[in-house]
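Please read the following report on the aromatic rings and nonpolar residues of one protein, with the sequence and the structure open beside the text.

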Amino acid sequence: ISEKNSEVTISAMIYNTTFAPEDIISVEMLTDMPSCTRTNGYGGATKSSGHFTVSGYGPSMLYIYNDVEEYIVIHLKGDGPEYVFVNGETKDKTNELYDYFINLH
């Protein structure tokens, strides 16, 4: 996750999502990841990134560690993905990211 010119970029491998803080509609924390289907991304044993269709959310971008049982959902307005799922390598890092996104919003 990086910031440049008042925009936030979340990236993993070849996938990235860039948005302005004012495009954030809401930020929430989930303890269970809804079922999802990879449409154009990477779905490995430990990480998932790229384009997925998430049950209850629709087309979304994922940047998650699969074995960390906390997930941040960023609901965005604009032309990009409507939902971005992200977490850190640990629950503590995920909580730090959650605070970061809440403070942006």
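In this predicted model, Tyr100 has a relative accessible area of 24%, and because buried residues must lie under 20% while exposed ones lie over 50%, Tyr100 counts as partly exposed. Phe101, by contrast, is buried, with a relative accessible area of 0%. A pair of aromatic rings is described by the distance of the centres and the angle of the planes. The ring centres of Tyr100 and Phe101 lie 5.1 Å apart and their planes stand at 75°, so this pair is edge-to-face.

The structure holds three aromatic pairs in total. Another of them joins Tyr57 and Phe85, which are also edge-to-face, with 5.1 Å from centre to centre and 85° between the planes. Because Tyr57 sits in the loop between β6 (47-54) and β7 (58-65), whereas Phe85 belongs to strand β9 (residues 83-86), this pair ties together parts that are 28 residues apart in sequence. Tyr57, at 19% relative accessibility, counts as buried, and Phe85, at 0%, counts as buried too.

Tyr57 and Phe85 also form one aromatic cluster together with Tyr83. Tyr83 lies in strand β9 and is buried, with a relative accessible area of 14%. If residues within four places in sequence are left aside, Tyr83 is in contact with Tyr57, Pro59, Ser60, Met61, Val73, Ile74 and His75. Although Tyr83 and Ser26 are 57 residues apart along the chain, their C-alpha atoms are separated by 9.7 Å.

The table below gathers the accessibility of several aromatic residues.

| Residue | Relative accessible area | Class |
|---|---|---|
| Tyr57 | 19% | buried |
| Tyr83 | 14% | buried |
| Phe85 | 0% | buried |
| Tyr98 | 24% | partly exposed |
| Tyr100 | 24% | partly exposed |
| Phe101 | 0% | buried |

Tyr98, which appears in the table as partly exposed, has its place in helix α1. Not counting residues up to four places away in sequence, Tyr98 touches Val27, Glu28, Met29 and Ile72. Between Tyr98 and Asp23, which are 75 residues apart in sequence, the distance in space is 16 Å from C-alpha to C-alpha.

In soluble globular proteins, nonpolar side chains tend to be buried together. Which residues touch the most other members of the largest nonpolar core? Among the 16 residues of that core, they are Ile10, Phe19, Ile74 and Phe101. The elements that contribute two or more residues to this core are β2, β3, β4 (24-30), β7, β8 (71-76), β9 and α1 (91-104). Ile10, when residues up to four places away in sequence are not counted, touches Ile1, Tyr15, Asn16, Thr17, Phe19, Tyr63, Ile74, Val84, Val86 and Phe101. There is also a second, separate core of ten residues, which includes Leu30, Leu62, Tyr71 and Val73.

Nonpolar residues are found on the surface as well, where Met13, Ile14 and Tyr42 make a nonpolar patch of about 370 Å². Ile14 lies in the loop between β2 (7-12) and β3 (15-19). With a relative accessible area of 69%, which is over the 50% limit, Ile14 is exposed.

Terms used
Residues numbered from 1 in each chain as written. Predicted model: local features only at pLDDT ≥ 70, side-chain atom pairs only at ≥ 80, totals over all residues. Heavy atoms only, no water. Phe/Tyr/Trp six-rings, centres within 6.5 Å; stacked < 30°, edge-to-face > 60°. Helix = DSSP H or I, 4+ residues; strand = E, 2+ residues; numbered from the N terminus. Buried < 20%, exposed > 50% of the residue type's maximum accessible area, 1.4 Å probe, protein only. Patch = residues over 30% accessible without salt bridge, like charges linked within 9 Å, V, L, I, M, F, W, Y side chains within 5 Å. Areas by Shrake-Rupley, 256 points an atom, 1.4 Å probe, with all protein chains shown as cover. Salt bridge = Lys/Arg side-chain N within 4 Å of Asp/Glu carboxyl O. Core = buried A, V, L, I, M, F, W, Y, C linked by side-chain atoms within 4.5 Å. Contact = heavy atoms within 4.5 Å.
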